[in-house]
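Work through the exercises below with the sequence and the model in view. Try each task before reading its solution.

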Amino acid sequence: MTFKINNRIANSKKITSLSLQYSTLPFFLLIFLKTGLVLAQDLPILGIPQIEKPEQYQIKSYGSNAITPTLKVGNKILPEDYYSADQKRQQQQQHLMNEADQEIKMQFIKELQDKAERDQMPSRPDFNLPSLSGNPGTEYYRNVYEKMLTLNAEEYSLKEVNFDIENAYFENKMDKAEFDKIIKQTGEFLISKMKELKYDTGSSTAKNFMLFQYFSETMQLKSSGLRHQSLKYDFEDYRGINDWSKMFVTKLLSTGKGQCHSMPLLYLILAEQIDTEAYLAVSPEHSYIRFQEEHNDKWYNVELTNGMFSTNSFLLNSGYIKAEALQNKIYLQNHTKKELLSRLYSDLAAGYVHKFGYDAFVLQVADKALELYPNNISAQMIKSNYYTEQLAYALYQLNINPESKEQLEQIIQFPEVVTILRNRNLQYKKMDDLGYEPMPAEAYEKWLHSINEEKNKRNSETFKKQFKGLVLKKTKE
């Protein structure tokens, strides 16, 4: 009997091909959080500080110190006829006690023999990934996880949860009050700009168009001189492989540059702040925003990475969306509040992995994410990588080369390893059945740049004109 090992074994410090992209952050990093809004004096900034034997079991001794009684008269032992009834009962009881005592002694001897044999046998490896709970900093992730478990999946603050997840990476050293202040000020800026442009501040369409302009255009309030620079895509380490903070909203606010994970999250946080509806959607290795025009019920895709509107056909042109993926609705779908929370669990697990590695906590968080949203492809990938890492660890423990077919056949002697292999292969099959196909980094970059082609630019400009007409028309009415 042979067992096939798929060549998907990943490095324990990296998650590859995650649909929302993840990576790792140096322990010492100082981020200054700004919104890009410029006054005569600097707005408050948020500084992120530096991350700076059981008692031995004793074998019990068994036995009896009872002295076997005899009945004597003078120097003679009386014959049985002289024994009283009571004496006979005592003699019978003592006989039973002696037999029980002998059994205990024999059992004790057997236990000693078994222990001696076990001591001579090589110890059996533990195939579970070592727990990382003793590592300083892991407790912050576990605390956030416990806090998230108390949330109502339909009523929670994205701003609060996302901040907690990012703050866990910095070991709770970020200033929450300052972060809240900056988001509040940005919301006030957006509403003030809407009034200045005579947009209807009660219109969901107008608010989403204002948000789109905030990301894609430089703007200034005439009344106060407050200025905002458009946000840019950060092509440098956009997967966060070398710097996990590249994935963070706090980093986007600090530098004015982000990518397809942080930009949609900030959009949704600000939409939450100004009380309008927008939705997260994903495609291979990518996420973007969708919202509905309130008059004709038409849906629009907002591509924040280069400040344009996009179409479903453009997203499908990536070439990595299979028919099965569309049938299973893992791509191009609005995320409900519950499904978005599932994504946040994925973010929590991914940050933990990139800072510490894989252990049972990662699987626990991924399973919770999948409980909320079974088709969360990011959580499915994390779970896949967990089993891959566990299998690699088990083979290492057994000194088995995964490239050697003959050595791999040895795992039949270890049912625990066979189970790990089966779990991993079943997880791979589940992802294949969902329609997942990994998208190489170079293919993603080529697809992302293609949105700037002339045809897509013309489509985006048409959408912008339509929105300005709708927004201003409603205001005049």
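The exercises that follow concern a predicted model, and each solution goes step by step.

**Exercise 1. The nonpolar cores**

Task: State how many residues the largest nonpolar core has, and find which helix gives the most to it.

Solution.
- Step 1. The largest nonpolar core has 79 residues.
- Step 2. Met148, Phe215 and Leu266 have the most contacts inside this core.
- Step 3. Helix H10 (residues 337-355) gives the most to the core, with 9 residues.
- Step 4. Look next at the surroundings of methionine 148. Setting aside residues up to four places away in sequence, methionine 148 touches Val161, Ile165, Leu341, Leu344, Tyr345 and Leu348.
- Step 5. There is also a second, separate core of 26 residues, with Tyr288, Met308, Ile321 and Ile377 among them.

**Exercise 2. Helix H10**

Task: Compare the end-to-end distance of H10 with the span expected at 1.5 Å a residue, and find how many of its residues are buried.

Solution.
- Step 1. The expected span is 1.5 Å times one less than the number of residues. For the 19 residues of H10 this gives 27 Å.
- Step 2. The end C-alpha atoms of H10 are 27 Å apart, so the distance agrees with the expected span.
- Step 3. Buried means under 20% relative accessible area. In H10, 17 of the 19 residues are buried, and the helix is mostly covered.
- Step 4. Just after H10 comes glycine 357, with a positive phi of about 120 degrees.

**Exercise 3. Helix H7 and proline 264**

Task: Describe helix H7 (residues 262-273) and find which residues proline 264 is in contact with.

Solution.
- Step 1. H7 has 12 residues, and the distance from its first C-alpha to its last is 16 Å, close to the expected 16 Å.
- Step 2. H7 is mostly covered, with 10 of its 12 residues buried. The buried residues include Met263, Pro264, Leu265 and Leu266.
- Step 3. Proline 264 lies in H7. Its relative accessibility is 1%, so proline 264 counts as buried.
- Step 4. Leaving aside neighbours within four places in sequence, proline 264 is in contact with Gln259, Leu280, Ser287, Tyr288, Ile289 and Leu304.
- Step 5. Take one of these contacts, isoleucine 289. Proline 264 and isoleucine 289 are 25 residues apart in sequence, while their C-alpha atoms are 6.1 Å apart in space.
- Step 6. After H7 comes aspartate 275, with a positive phi near 65 degrees.

**Exercise 4. The hairpin of E10 and E11**

Task: Determine in which sense E10 and E11 pair, and whether strand E10 is largely enclosed or exposed.

Solution.
- Step 1. Strand E10 (residues 279-283) has 4 of its 5 residues buried, so the rest of the structure largely encloses it.
- Step 2. E10 pairs with strand E11 (residues 286-292) in the antiparallel sense, over 5 bridges.
- Step 3. Within this pairing, leucine 280 stands opposite isoleucine 289 in E11. Both leucine 280 and isoleucine 289 are in contact with proline 264.
- Step 4. The hairpin has 2 residues between its strands, and glutamate 285 takes a positive phi near 60 degrees.

**Exercise 5. Salt bridges**

Task: State how many salt bridges the structure holds, and find which residues are linked with Lys159 in a network.

Solution.
- Step 1. The structure holds 17 salt bridges.
- Step 2. One of them joins the side chains of lysine 159 and glutamate 160, at 3.8 Å from N to O. Lysine 159 has 12% relative accessibility and counts as buried, whereas glutamate 160, at 28%, is partly exposed.
- Step 3. Another joins aspartate 180 and lysine 176, whose closest N and O atoms are 2.7 Å apart. These two residues are 4 residues apart in helix H4 (residues 176-196), so about one helical turn separates them.
- Step 4. Aspartate 180 is partly exposed at 23%, and lysine 176 is partly exposed at 21%.
- Step 5. Lys159, Glu160, Lys176 and Asp180 are linked in a network of salt bridges.
- Step 6. Glutamate 171 and lysine 173 also form a salt bridge, at 3.9 Å from N to O. Glutamate 171 is buried at 8%, and lysine 173 is partly exposed at 29%.

Notes. Residues numbered from 1 in each chain as written. Predicted model: local features only at pLDDT ≥ 70, side-chain atom pairs only at ≥ 80, totals over all residues. Heavy atoms only, no water. Core = buried A, V, L, I, M, F, W, Y, C linked by side-chain atoms within 4.5 Å. Buried < 20%, exposed > 50% of the residue type's maximum accessible area, 1.4 Å probe, protein only. Contact = heavy atoms within 4.5 Å. Pairing = 2+ DSSP bridges. Salt bridge = Lys/Arg side-chain N within 4 Å of Asp/Glu carboxyl O.
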